[in-house]
Amino acid sequence: MPFRALLPALSLCLAVAYRVPAQPAPAVFTGTVVDAETGVPLPGAHVFIAGSMIGTTTDNEGRYRLERVPPGAHRLYVSMVGFEPAFADTLVTARQTLTFDARLVPAVIELGEIRVEARADKKWQKRLKQFIRQFIGETPNAAETEILNPEVLDFDGNWWGKLEARAAAPLLIENRALGYRIRYFLKEFVSTGVTIKYDGEPLFEEMPPRDAAEAERWRENRRRAFFGSFRHFMLAALGDSTRTAGFVTYRLPSLDSPERHRLRFPVTMSDVLKDGPTEETRTLKFFGYIEVHYLGEEEEEAFLRWERSYYRRTPGPQRSWIRLTDGPTAVDPTGTIVDPYGVTVYGYFAFERVADELPKEYRPD
């Protein structure tokens, strides 16, 4: 899913919890996928709910059926090699049966734009390392996460400090810290040295553990990745239980010298979450910034290195900031921001990236 964050912009122990509304019955997606020019059915096309483990491929007649789709804002994504992808953004309600027929347009390669770049070239290798660091992340989980097919990537770094990346095929990612294989359909990646912005659709698949010990390690790592995450925060906000879940929130007019800002004051998320355009959504509405402290975990040493502080300090509670990118934005029952670029995150929320991402339907035991 799309991500927008600003780069580097504090042991408390408590019981972590969150409360969310009861989840209504799931929905179903059905449809067919055909060639837009010939009308011929396309077997083997990938059809999935972006950011989830809900996916399938079309049969010999181009038909598909997705079940167990939870209510909320979802992007149904359709992709096949040799064709331009198609997608539909929709707000799903309980017990719906939705039909989406996709007509995929054959991909056109303009020979004048082809740029052959040797994958063994030192410049390409350097850009690949930068991309992995900024896309996969720099958390401990990132050390166990690998892109299996980096050769599909091409980079443009002609402007000083700016890096753009494109992928000729889905990125195949193996996260051995959380136990997921991810097929990531990257659409955009731009890093300016200050801001990282990427857009793509991940499809998750659980890896089989080698033994009971590895299964338990993955379970604990997933819990650790979830607690304190942006999704955990939004689910707690929707359930009016941020304090119980270990979050403390403040209003802040700007990020200029946030350590010494005198205009910071406590705020509850019920003050900034209003009724949404539908019964299933809420609207996030505020000015300035929301500062979020998560008291359940301390900052990791890796975060302090990533932050590149000009002064030495000991780790404190995880601290993040969120800002509405372009005015009020809707939030669905899964804690997902309906507008992919509706919120910009800073601090710890920006530090955790693909290596710490979980399927949108994941909840701790």
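The following exercises, each with a worked solution, concern a predicted model.

**Exercise 1. The four-stranded sheet**

Determine the strand order of the open sheet of 4 strands, and state which strands form its edges.

*Solution.* Begin with the order, which reads β4-β3-β6-β7, the pairing being antiparallel. Next, look for strands that pair on one side only: these edge strands are β4 (55–57) and β7 (86–92). On average, neighbouring strands of this sheet are turned by 15° against each other, direction ignored. Finally, examine one pair in detail. Strand β6, residues 72–79, is joined to β7 in the antiparallel sense over 7 bridges. Across from H74 stands T90 in β7.

**Exercise 2. The three-stranded sheet**

Explain why one side of β18 and of β22 is left without a neighbour in the sheet.

*Solution.* First establish the order: this open sheet of 3 strands runs β18-β19-β22, with antiparallel pairing. β18 (273–275) and β22 (329–331) stand at the edges and have a single partner strand each, so each has one side without a neighbour in the sheet. The average turn between neighbouring strands here is 45°, direction ignored. Then consider the pairing of β18 with strand β19 (residues 282–284), which is antiparallel and extends over 3 bridges. Within β19, L284 is the residue opposite L273.

**Exercise 3. The nonpolar cores**

Identify the residues of the largest nonpolar core that touch the most other members, and the helix that supplies the largest share of this core.

*Solution.* The largest nonpolar core has 61 residues, and those touching the most other members are F131, F135, L171, I173, Y184, F189 and L284. Helix α3 (residues 230–238) provides the largest share of this core, with 6 residues. Another core, of 21 residues, lies apart from it and includes V47, I49, Y64 and A86. As general background, nonpolar side chains in soluble globular proteins tend to be buried together. To follow one member, take F131: leaving aside residues up to four places away in sequence, F131 touches I136, I147, L153, F155, L163, A165, L171, L186 and F189. L284, listed above among the members with the most such contacts, is also the residue opposite L273 in the three-stranded sheet.

**Exercise 4. The surroundings of R231**

Establish which residues R231 touches, not counting residues up to four places away in sequence.

*Solution.* Locate R231 first: this residue lies in helix α3. Its contacts, with the stated exclusion, are T334, G335, T336, K360 and R363. Now consider T334, which is 103 residues from R231 along the chain, while the C-alpha atoms of the two are separated by 8.0 Å. A polar atom of the R231 side chain lies 2.6 Å from the backbone oxygen of T334.

Conventions:
Residues numbered from 1 in each chain as written. Predicted model: local features only at pLDDT ≥ 70, side-chain atom pairs only at ≥ 80, totals over all residues. Heavy atoms only, no water. Pairing = 2+ DSSP bridges. Helix = DSSP H or I, 4+ residues; strand = E, 2+ residues; numbered from the N terminus. Axes fitted to C-alpha atoms, helices over the stretch in contact; angles between N-to-C directions. Core = buried A, V, L, I, M, F, W, Y, C linked by side-chain atoms within 4.5 Å. Buried < 20%, exposed > 50% of the residue type's maximum accessible area, 1.4 Å probe, protein only. Contact = heavy atoms within 4.5 Å. Polar contact = N/O pair within 3.5 Å; in protein donor to acceptor, adjacent residues only side chain to side chain.
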